[in-house]
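This report describes the interior of one protein model. It begins with a helix, then turns to the nonpolar cores and the enclosed cavities.

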Amino acid sequence: MNKLVIEGGIPMRGEIAMQGAKNAVLPILAASIMSGEICVIHNCPWLRDVEKTGIVLEKLGCRVRRGADTIQVDASGINDCRIDERLMREMRSSIIFLGAILSVSGRAEVGLPGGCPIGLRPIDLHLKALRQMGVNIIEEHGYLKCECARLKGCAIHLDFASVGATENIMLAAVKAEGETTITNAAREPEIIDLAQFLNRMGAKVHGAGSSFITIEGVDKLHGAEYSVMPDRIVSQTYLIGAMITGGEIMLKNANASHMQAGLSALAEMGGRIKTTPEGVYLKSRGHINSIHIIRTMPYPGFPTDAQSPFMALAAVADGTSVFVENIFENRFRHVDELVRMGADIKVEGRSAVVRGVKKLYGANVEAYELRGGAALVLAAMAAEGKTEITGTEFIDRGYEDIEGNLSRCGIRIRRIRV
Ligand code: UD1
């Protein structure tokens with residue numbers, strides 16, 4: 001077990017090269033199995049979730065080779081169509097393999113993903129869509145057993161613009177018979193990244209990034225090379241890091257157009273932001289304004305993944321901010337930990353009222369999930385004294401070398417094994 005130990009109160013100053021997006025690379029790696037050949041993915045972040053996805057790929061029969069920021073997947077030897085329960089529990093997003101495995105094998109057996117610290121995370125929309133595409137699905141002994149002669153294109157309407165369901169349908173549809181349409185599709189930039197990768201492999205996906213996606217089924221895909229988009233949530237985390245410590249940061253390769261909601265909130269809270277062809281720059285004005293209200297919404301609305309990092313910032317703002325979490329029902333687990341550090345936050349159902357305090361204080365706190373963990377790191381950077389954060393395995397799911405990146409920007413952070 002690891003701990004992150006942070007001595008707060010030092011302004012963050014420097015430059016960070018933005019890692020590839022976790023939420024883009026996971027579905028892209030799942031998609032690679034459909035090539036039947038070799039795919040090379042660049043700008044691949046080195047994360048626990050990527051390691052776990054590599055294990056899933058190897059269990060399916062792929063050969064996976066890892067370079068510095070590149071991952072190569074040779075899918076010519078696929079010989080299995082199962083993902084066991086343990087891997088599914090460890091990484092819920094493995095559900096994204098379902099569409100890809102079905103497309104390759106016509107059969108898939110995956111453990112039920114189960115609960116998750118941020119909410120129930122049902123997969124009913126995924127299953128309903130796959131059934132529409134002709135898949136016979138039964139739930140047995142904690143497993144989903146899926147079978148189909150050939151996936152059939154059809155018109156699918158999503159009751160909610162789910163990111164994972166949109167991706168699963170796209171994966172299932174690329175080699176299906178005929179055309180598939182998705183209405184009320186999720187519009188996240190990661191969906192565009194997946195579509196671009198699929199099209200590089202020979203797929204015919206149109207309209208990704210809008211709420212209407214069309215996929216014309218093709219008979220065969222081939223290997224491809226692709227570079228993953230920068231991570232927009234990690235970008236926002238580091239921008240907040242500079243704001244909360246009164247510093248300045250240049251995020252190389254960050255894409256401002258992917259984070260308009262977050263950037264406009266940061267500007268409202270007093271950040272001076274400049275977008276250049278090299279990336280995004282933020283300088284603090286030395287004062288943090290509260291923000292009237294942040295409501296999480298599907299993209300291009302305010303991202304649920306940035307809610308907790310922004311709450312850490314609001315905790316030390318001048319005035320009161322309100323947060324409404326509309327996507328996941330249990331995404332305030334960081335609140336009690338922030339309160340241990342001196343924050344004044346009251347939760348009422350899906351809303352949190354944050355009254356800014358003059359100071360946070362170092363404390364022993366625990367991360368219960370990825371972005372909540374990032375919020376604790378940010379709060380610790382602003383706090384007076386030393387904070388020790390356990391549960392770092394959650395933070396490592398999404399942040400590549402967080403202590404290296406922050407310490408190169410002057411933050412006193414170290415990892416210790418306990
Ligand atoms: C993805 C992201 C996650 C992000 C989330 C919302 C990945 C690996 N993860 O998760 O970081 O927080 O999008 O932007 O890309 N829902 C259902 N039934 C379903 C599917 C979803 O009710 O079948 C509900 C969920 O419970 C949740 C909402 O839809 O309330 C959003 O979920 P979804 O967009 O599917 O998120 P994920 O794809 O799981």
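## Helix 1 and the basis of the model

Of the eleven residues in helix 1, ten are buried, among them K22, P27 and S32. Buried means under 20% relative accessible area with a 1.4 Å probe and protein chains only; helices are DSSP runs of H or I with at least four residues, and strands are runs of E with at least two, both numbered from the N terminus.

The model is predicted, with local features requiring pLDDT of at least 70 and side-chain atom pairs pLDDT 80 or more, whereas totals for chains, interfaces and linings use all residues. Residues are numbered from 1 along each chain as its sequence is written, and side-chain values use heavy atoms, without hydrogens or water.

## Nonpolar cores

The largest nonpolar core (buried Ala, Val, Leu, Ile, Met, Phe, Trp, Tyr and Cys residues joined through side-chain atoms within 4.5 Å) holds 79 residues, and F97, M170 and L198 have the most contacts inside it. Helix 1 (residues 22-32) contributes the largest share of this core, seven residues. Apart from this core lies another of 69 residues, including L266 and I411.

Leaving aside neighbours within four places in sequence, F97 is in contact (heavy atoms within 4.5 Å) with A30, I33, T53, V56, L57, L60 and I83.

## Lining of the enclosed spaces

A cavity is a set of points on a 1 Å grid over the protein atoms alone where a 1.4 Å probe fits but cannot get out; lining residues have an atom within 4 Å of a point. Helix 5 gives the most to the lining of the largest cavity, four residues, including K128. For the second largest cavity, helix 12 gives the most, with three residues.

Key. Buried means under 20% relative accessible area, exposed over 50%, partly exposed in between (1.4 Å probe, protein chains only). On a 1 Å grid over the protein atoms alone, a cavity is a set of points where a 1.4 Å probe fits but cannot get out, and a pocket is an open set with protein on both sides within 12 Å along at least five of seven lines; lining residues have an atom within 4 Å of a point.
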